[in-house]
Amino acid sequence: MEPGAPPDLRDVEQKLGRKVPESLARPLRGEELPAAAAPGPRRRRAAALARLEAKLHLLRQEMVTTEAVPLSLMGLALARG
């Protein structure tokens, strides 16, 4: 293979038993990703914000559950006492 020539993926495809996905082959051939495929900074920020909000929601749920445990234990102690 010559330097700068696109890689021949037939050997890899033969060993894997399947075709190399175009999303992986394009950059190897030196083609740029389409603008829609490459997320912009706003889209990345929005995705990161959505993940953060989901994690905060789970944390709040865990905090409510954790607060409920000592209250239920206190209720048991008061009922026995």
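A residue is taken as buried when its relative accessible area is under 20%. By this criterion, buried residues account for 4% of the 81 residues in the chain of this predicted model. The accessible surface of the chain amounts to about 7,500 Å², and carbon and sulfur atoms contribute 62% of that area. In terms of secondary structure, the chain comprises three helices and zero strands, so that its order along the sequence, with helices taken as DSSP runs numbered from the N terminus, reads α-α-α.

Two salt bridges are present in the structure. In general terms, side chains of opposite charge can pair when their charged atoms come close. One of the two pairs joins Lys 15 to Asp 11, with a separation of 3.3 Å between the closest N and O atoms. Because Lys 15 and Asp 11 lie four residues apart in helix α1, which spans residues 10-16, about one helical turn separates them. Lys 15 is classed as exposed because its relative accessibility is 68%, whereas Asp 11, with a relative accessible area of 41%, is partly exposed.

A salt bridge is also formed between Glu 13 and Lys 19, for which the closest N and O atoms are 3.9 Å apart; this pair is accepted because the distance cut-off for a salt bridge is 4 Å. Glu 13 has a relative accessible area of 21% and is therefore partly exposed, given that the buried class is confined to values under 20%. Lys 19, by contrast, counts as exposed at 58% relative accessibility.

A nonpolar patch of about 450 Å² is found on the surface, and its members are Leu 49, Leu 52, Leu 56, Leu 59 and Met 63. Of these residues, Leu 49 is located in helix α3, which covers residues 41-80. With a relative accessibility of 46%, Leu 49 counts as partly exposed; this value is compatible with its place in the patch, because patch residues are required to have over 30% relative accessible area.

Key. Residues numbered from 1 in each chain as written. Predicted model: local features only at pLDDT ≥ 70, side-chain atom pairs only at ≥ 80, totals over all residues. Heavy atoms only, no water. Patch = residues over 30% accessible without salt bridge, like charges linked within 9 Å, V, L, I, M, F, W, Y side chains within 5 Å. Areas by Shrake-Rupley, 256 points an atom, 1.4 Å probe, with all protein chains shown as cover. Salt bridge = Lys/Arg side-chain N within 4 Å of Asp/Glu carboxyl O. Helix = DSSP H or I, 4+ residues; strand = E, 2+ residues; numbered from the N terminus. Buried < 20%, exposed > 50% of the residue type's maximum accessible area, 1.4 Å probe, protein only.
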